[in-house]
Amino acid sequence: MANAPADGKAAPQTAEEKLNVAEEKRQAGNDKFKQGDVAGAQALYEEATKLLTPQVIVEFAENESLIARAGACRLPSLLNLALCYLKKGESDACKALECCEEVLDMDPDNVKASYRKGKALFLMEEYKEAEYEFLRAYELSPKDTAIRQDLEAVRRKMRGDLKKEKETFEGLFEKSPGFASNDRKDEPAEGKKPSATADYSFLRSMENNSFSSSSSPDKEAVQCFKSGKLEDAVSAYEAALHKTAQQQEWSLHFPLWVELGRLFMDLNVDQLAIRCLNRAAGISGASEGISAEKPVRRNALLLRAICLLNEAEADPLKEVSDCLGLWLDACDRPAKGDQEGVDERIAEWRESEVEPALAADVAVAHGLMHLVHGREEAAKAFGDAILAANSAASCFGCERATATKWNMLAAVMSNRKQPENALSAYQQALVLQPHYPRALVNRGIALQSMANARSAAASFANAVELMPDWCAPLVWPMLKKAVEDDPTPDATLAEAARDESVPKLRELLGPVLTSGTTLADARSTLKSMGIKC
């Protein structure tokens with residue numbers, strides 16, 4: 001025989017009996033809460049929700065009266081349970097969040113659920129999401145001063161954190177965004193350490209890094225990258241670098257510097273990318289004389305040359321050429337004589353029989369030389385890189401780099417004043433890698449040049465959503481300018497841009513690519529752009 005409950009009453013058996021008991025538990029919970037007994041109220045609300053599971057409610061399918069009673073009991077029990085969890089603070093914030101999300105599934109316009117979800121997210125330090133929920137609750141109940149106060153509080157918190165981050169990363173955003181963009185400033189800020197030789201310092205101490213205790217932070221970094229959690233990916237890579245250095249696993253350690261450098265390039269922060277690539281290339285921060293294996297140094301040097309297009313301290317032609325000279329040496333392609341320059345060495349290699357594994361890399365290197373010399377052949381070189389055979393061993397033959405190649409080609413087409421062709425290439429890049437801030441920013445610039453302000457704003461908003469707050473100081477002005485330039489003014493959109501509310505902007509502007517957008521054939525796309533490869 002089943003054990004009787006502690007109060008001596010027989011356990012409810014039928015669905016209706018469970019409903020009756022749940023209503024009693026809920027009312028008793030309300031009484032406990034009014035008396036200040038939060039723990040007692042929580043226990044009673046938990047019992048009420050356990051009695052009225054969705055499976056139990058299904059049994060009322062043919063009785064509308066019982067269904068209404070069940071909803072009127074379960075929904076407020078969940079809301080009150082969320083409030084009890086919030087009273088306990090950060091420790092039970094996740095439980096409060098789950099309760100609120102279940103209520104919002106049943107009643108999307110429930111003000112209390114949105115508000116308490118915002119408070120749970122605030123406790124979890126998910127400030128952007130908390131702002132969205134507070135804003136949603138405020139729109140539903142604009143006269144509620146408590147909601148408005150919490151909305152202002154989360155915005156103050158976000159501004160304070162952003163100010164601290166801007167101070168930490170001061171000097172990293174002296175130049176405009178974009179790969180090989182026409183509007184980038186050439187002069188470095190005075191007093192800044194030259195980025196071409198600067199060393200990298202972790203953005204978070206291991207004490208504050210949530211991935212420091214992970215057994216496989218490198219794998220978590222990849223998953224974060226794929227899911228668009230790019231700030232978490234940075235932290236995971238840093239934890240992996242710390243771990244591999246402590247364990248002296250150098251064959252794993254140096255490739256991680258390359259991957260972190262790639263990530264910063266995707267985020268449009270080439271100065272930090274260079275600092276990571278310096279480590280892998282052996283230019284700075286050598287670990288007790290240990291150096292990376294030649295393929296790793298080779299990849300780091302080629303990526304570093306790309307960054308120097310934007311971050312050269314004085315003469316891009318010289319600095320990119322010097323870096324590619326080191327890359328050629330790492331590829332075992334020494335000069336045939338003192339008079340043979342880097343440009344000639346790369347051109348001669350391309351004209352000869354290039355190993356298939358390095359074909360994409362050589363084409364990219366040649367494209368960089370065309371760019372610094374201002375030659376038209378750059379587009380064809382990047383097109384050749386796109387069509388080159390895949391090779392996991394090379395820098396640009398691996399699958400991870402395909403989107404980067406399309407982004408580089410798109411930037412070249414944009415600089416040639418061919419925005420339609422640039423957009424075709426950016427679309428290829430974003431289908432391959434949807435969470436790609438650099439391509440999104442560049443795409444926004446191209447759309448803005450075509451007077452398509454609203455689509456440009458959507459592209460910038462998508463980029464800002466993916467970026468850490470400290471990483472987007474140059475994107476916000478472009479987004480606000482695009483909103484201002486929209487020929488059909490929208491007061492709600494303008495307010496969201498002014499308040500820098502990313503969730504609201506994304507809600508109003510929508511995604512950049514529709515779910516049905518597919519990858520086009522590479523050769524056909526290149527042909528449509530007038531590039532013969």
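Helices here (H or I, at least four residues) are DSSP runs, numbered from the N terminus, and so are strands (E, at least two). Bear in mind that this is a predicted model, where local features need pLDDT of at least 70, side-chain atom pairs count only at pLDDT 80 or more, and totals for chains, interfaces and linings use all residues. Residue numbers start from 1 along each chain as its sequence is written, and side-chain values use heavy atoms, with hydrogens and water left out.

**View A. A salt bridge within helix α24 links Glu-507 and Lys-504.**
A salt bridge is a side-chain nitrogen of Lys or Arg within 4 Å of a carboxyl oxygen of Asp or Glu, and the structure holds 32 of them. In this one, the closest N and O atoms are 3.7 Å apart. The two residues sit three apart in α24, about one turn of the helix. Are the two partners buried or partly exposed? Glu-507 is partly exposed at 44% relative accessibility, while Lys-504 is buried at 8%. (Buried means under 20% relative accessible area, exposed over 50%, and partly exposed in between, using a 1.4 Å probe and protein chains only.) Elsewhere, salt bridges that share partners join Glu-101, Lys-117 and Glu-133 into one network.

**View B. Asp-499 reaches Arg-155 from far along the chain.**
Here the closest N and O atoms of the salt bridge are 3.5 Å apart. Asp-499 lies in the loop between α23 (491-498) and α24 (502-509), and Arg-155 lies in helix α8, so the pair ties together parts that are 344 residues apart in sequence. Asp-499 is partly exposed, with a relative accessible area of 29%, whereas Arg-155 is buried at 11%.

**View C. Helix α14 carries its own salt bridge and packs against α13.**
Asp-322 pairs with Lys-318, with 2.7 Å between the closest N and O atoms. Both belong to α14 (residues 316-330), four residues apart, or about one turn of the helix. Asp-322 counts as partly exposed, at 40% relative accessibility. Now for the neighbour: two packed helices are described by the angle between their axes and the distance between the axes. For α13 (residues 294-311) and α14, the angle is about 165° and the axes are 9 Å apart. (Axes are lines fitted to C-alpha atoms, for helices over the stretch in contact, and angles run from 0 to 180 degrees between N-to-C directions.) The two helices are therefore roughly antiparallel, a label for angles over 145 degrees; under 35 is roughly parallel, 65 to 115 roughly perpendicular and the rest oblique. α13 passes α14 in a left-handed crossing, meaning that the near helix is turned anticlockwise from the far one by less than a right angle (right-handed if clockwise).

**View D. Tyr-200, Phe-202, Trp-257 and Phe-264 make up one aromatic cluster.**
Rings of Phe, Tyr and Trp (its six-membered ring) pair if their centres lie within 6.5 Å; planes under 30 degrees apart are stacked, over 60 edge-to-face and the rest tilted. The structure holds eight such pairs. Tyr-200 and Phe-202 have ring centres 6.3 Å apart and planes at 70°, so they are edge-to-face. Tyr-200 is buried at 4% relative accessibility, and Phe-202 is partly exposed at 32%. Tyr-200 also forms a tilted pair with Phe-264, 5.9 Å centre to centre and 45° between the planes. Tyr-200 lies in the loop between α8 (145-168) and α9 (217-226) and Phe-264 in helix α11 (residues 250-266), so this pair ties together parts 64 residues apart in sequence. Phe-264 is buried, with a relative accessible area of 0%.
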